[in-house]
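Please open the model in your viewer and keep the sequence panel beside it. We will begin with the whole chain and then move on to one pair of elements.

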Amino acid sequence: SFSTYKMFYVYEPKKRKILAATFKDRIVHTWYVNSFVIPYFVPSFISTSYACIKKKGMHMAAKAVQKGIKKCSKLYEAPHVIKMDVKKYFENICTDKVYSLIKRKIRDKKVLRLTSKILLSSVCYNENNKIGLPIGNYTSQMFANIYLNELDKFIKNELHVKYYYRYMDVRLRF
């Protein structure tokens with residue numbers, strides 16, 4: 001079982017409640033992400049998803065968006081950029097949905113049991129509606145990527161939005 005999270009607040013750019021796992025638990029979270037989430041899920045992410053992915057990140061995302069804006073400015077007379085942000089994203093993630101997405105690719109019962117324990121370990125977890133992931137965990141960041149990957153694929157593959165970029169829950173399209 002996991003230890004109690006350490007809770008504190010950060011105020012930049014806005015007030016957020018952070019729930020930090022103990023060092024021992026963070027080692028397990030990192031092992032879990034590196035052993036299961038990265039090999040099973042990251043290869044299936046769209047190429048313009050940048051958050052918490054090795055050799056990507058915020059700076060690469062910014063460079064890609066700038067390159068996309070320049071390209072669109074040459075191709076279109078009046079290109080538009082739409083920036084979207086999911087309000088209180090981590091607080092509103094349905095843990096049952098995350099679990100079902102993981103269960104589609106991972107069949108090992110021991111890994112699924114660990115997945116469930118990680119999802120249920122947070123003090124922000126609401127047993128009545130199973131909503132919320134703690135901000136501050138590597139597992140939460142990767143679960144959040146898995147959760148939005150479905151939307152990314154819909155936007156790219158079904159709506160055929162050519163210039164679409166995502167960093168965590170902030171998406172840009174033009």
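**The whole chain first**

Among contacts in the chain between residues at least 6 apart in sequence, 66% join residues at least 24 apart. Keep in mind, as you turn the chain on the screen, that this is a predicted model.

Switch to a cartoon view and follow the chain from its beginning: there are five helices and five strands, and along the sequence they come in the pattern β-β-α-α-β-α-α-α-β-β. The chain has a radius of gyration of 17 Å, close to the 16 Å that the globule rule gives for 174 residues, so it is as compact as a globular protein of that length. If you show the C-alpha trace alone, it spans about 55 × 40 × 30 Å along its principal axes. Colouring by burial would mark 40% of the 174 residues as buried.

**One pair of helices**

Next, select residues 23-41, which form helix H1, together with residues 138-158, which form helix H5. How do their axes lie? They come within 9 Å and cross at roughly 20 degrees, and because angles under 35 degrees count as roughly parallel, H1 is roughly parallel to H5. The crossing in which H1 passes H5 is left-handed.

Now show side chains where the two helices touch: H1 contributes His29, Thr30, Tyr32, Val33, Asn34, Val37, Ile38 and Phe41, while H5 contributes Tyr138, Thr139, Met142, Phe143 and Ile146. Finally, colour this contact of H1 with H5 by residue class, and you should find nine nonpolar residues, four polar ones and no charged ones.

Definitions and conventions: Residues numbered from 1 in each chain as written. Predicted model: local features only at pLDDT ≥ 70, side-chain atom pairs only at ≥ 80, totals over all residues. Heavy atoms only, no water. Axes fitted to C-alpha atoms, helices over the stretch in contact; angles between N-to-C directions. Helix = DSSP H or I, 4+ residues; strand = E, 2+ residues; numbered from the N terminus. Parallel < 35°, antiparallel > 145°, perpendicular 65-115°, else oblique. Left-handed = near helix turned anticlockwise from the far one by under 90°. Contact = heavy atoms within 4.5 Å. Nonpolar A, V, L, I, M, F, W, Y, C, P; charged D, E, K, R; others polar. Rg over C-alpha atoms; globule rule 2.2 N^0.38 Å. Buried < 20%, exposed > 50% of the residue type's maximum accessible area, 1.4 Å probe, protein only.
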